[in-house]
Amino acid sequence: MGTSTEERRQRAVESLALDETRSHDRLDRITRLARTALGVPISTVTVIDGERAWFPSVSGIELTELPRDQTFCDRTHSDGDTLVVPDATVDDRFKHLPVVVEGGIRFYAGHPLRDHTGNVVGTFCVYDSEARTFDADEQTTFEDLAAWAELELVATTEMTQAGRVQASLLPSRPIRVDGWSVDGLCVPALAVGGDFYDYGVAQDVLHLGLGDVMGKGTGAALVGAGVRAALRGTHAAVTAGVDLGITATQVARSLLPDLERSETFVTLLEAAVELDDGYLRYVDAGAGLALLVRADGTPVALGSDDRPFGVLPDDHWTEHSEQIGPGDRLVLFSDGLLDLLDDPVDWVPPVADLVSAAPDGVSLLRSIRRLALHRTALDDVTVVAVFRDSA
């Protein structure tokens with residue numbers, strides 16, 4: 001499952017989902033200001049995407065994209081440090097570039113822009129047709145503008161705050177009760193995501209839920225919060241023994257107008273576990289991503305043929321059951337985890353290996369988090385782990 005630095009960086013660029021067909025006004029303000037503040041004729045925000053460099057923001061020149069190996073920014077991306085070239089015509093690294101030989105560029109300064117996990121996803125650059133250097137004040141101004149560009153490129157303040165709010169809605173702590181442990185993890189691909197999970201215990205019944213709203217960002221997060229709240233309203237009935245298929249159908253139909261207006265749907269797995277004997281009841285609404293790993297390592301995939309919430313108005317959902325024995329482990333997860341596997345189609349063996357290798361739920365989630373950060377997840381990665389002691 002190893003991934004090179006370049007592969008991680010490329011995945012991080014793709015996860016930004018930048019729209020090349022429209023202008024990026026927030027970045028344009030910065031590149032315009034850079035020309036005035038630093039006295040340079042050209043400023044850009046550059047993204048290296050595969051073998052090309054394209055420019056979400058350009059000021060002072062008409063430019064859409066260039067071959068990657070014809071840019072200064074290729075070196076800035078690979079080095080991951082601020083690069084200042086006082087005179088490119090006498091620098092062996094760059095004097096052959098067409099922008100130098102034919103375009104007349106002599107001075108270049110570039111600063112790498114990083115995402116929240118440290119991957120270089122862009123470069124803030126200024127150029128001049130005259131050889132020059134930065135004095136101390138200009139260097140500070142350049143770095144301040146680069147920091148601003150990084151914030152606008154990766155995540156706005158609003159998205160960051162939305163991420164904090166979304167995280168605060170998740171369970172605040174693991175569950176440790178009567179030989180059972182339950183914990184969860186959510187690593188959004190963006191500042192906020194469409195995945196959600198929930199768990200809690202009432203009257204010796206463990207409630208579990210994990211859902212995935214189609215899409216990413218704040219809109220998906222809002223829908224997810226509404227679905228989670230609606231499901232919580234059914235917990236008392238489920239604890240009293242009401243069929244999960246009935247409660248899921250009621251929730252889905254109550255949410256249908258909102259899902260239709262927002263043109264989205266929700267995959268979901270909702271479960272209830274009797275803690276005294278491990279009897280598991282569950283509903284699978286198009287998720288199909290739950291694995292019960294027996295104490296002897298045997299994997300049992302849980303799922304159904306039921307559709308996600310919001311697809312057809314007359315859909316209904318069916319309760320299924322299983323038994324979680326001593327030493328068994330149950331894992332619910334979103335499809336973001338599949339992107340981290342070498343074979344996302346035949347996912348049962350690698351996920352079972354991850355679960356079996358972990359001494360406890362905390363270790364399992366820690367391993368998955370490291371994997372998500374190492375491979376740069378393209379989608380939200382959400383996991384709920386239920387471990388039952390073997391005693």
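Which residues have the most contacts inside the largest nonpolar core? They are Phe-333, Trp-347, Val-351, Leu-364 and Val-381, in a core of 25 residues. Keep in mind that this is a predicted model. A good way in is helix H11, which gives the most to this core, with five residues.

**The cores**
- Besides H11, the elements that each supply at least two residues of the largest core are S8, strand S13 (290-293), S16, H10 and S17.
- There's also a second, separate core, this one of 24 residues, and Leu-269, Leu-275, Leu-280 and Val-384 are among them.
- As a bit of background, nonpolar side chains in soluble globular proteins tend to be buried together.

**Helix H11 up close**
- H11 covers residues 361-375, and its end C-alpha atoms sit 21 Å apart, which agrees with the 21 Å that 15 residues should span at 1.5 Å a residue.
- Its buried residues are Gly-361, Ser-363, Leu-364, Leu-365, Ile-368, Leu-371, Ala-372 and Arg-375.
- Helix H1 (5-16), strand S8 (180-187), strand S16 (329-333), helix H10 (348-357) and strand S17 (381-388) are included in what covers those buried residues.

**Leu-364 and its company**
- Leu-364 is one of the buried residues of H11, and it's also among those with the most contacts inside the largest core.
- Setting aside neighbours within four places in sequence, Leu-364 is in contact with Val-331, Leu-354, Val-355, Ala-358, Ala-385 and Phe-387.

**The two ends of H11**
- At the N-terminal end, Asp-360 acts as the cap, with a side-chain oxygen 3.3 Å from the backbone nitrogen of Val-362.
- After H11 comes Thr-376, which has a positive phi, near 55°.

Note on methods:
Residues are numbered from 1 along each chain as its sequence is written. This is a predicted model: local features need pLDDT of at least 70, side-chain atom pairs count only at pLDDT 80 or more; totals for chains, interfaces and linings use all residues. Side-chain values use heavy atoms; hydrogens and water are left out. Helices (H or I, at least four residues) and strands (E, at least two) are DSSP runs, numbered from the N terminus. The expected span of a helix is 1.5 Å times one less than its number of residues. Buried means under 20% relative accessible area, exposed over 50%, partly exposed in between (1.4 Å probe, protein chains only). Contact means heavy atoms within 4.5 Å. A polar contact is a pair of N or O atoms within 3.5 Å; within protein, one must be able to donate a hydrogen and the other to accept it, and residues adjacent in sequence count only if both atoms are side-chain atoms. A nonpolar core is a set of buried Ala, Val, Leu, Ile, Met, Phe, Trp, Tyr and Cys residues joined through side-chain atoms within 4.5 Å.
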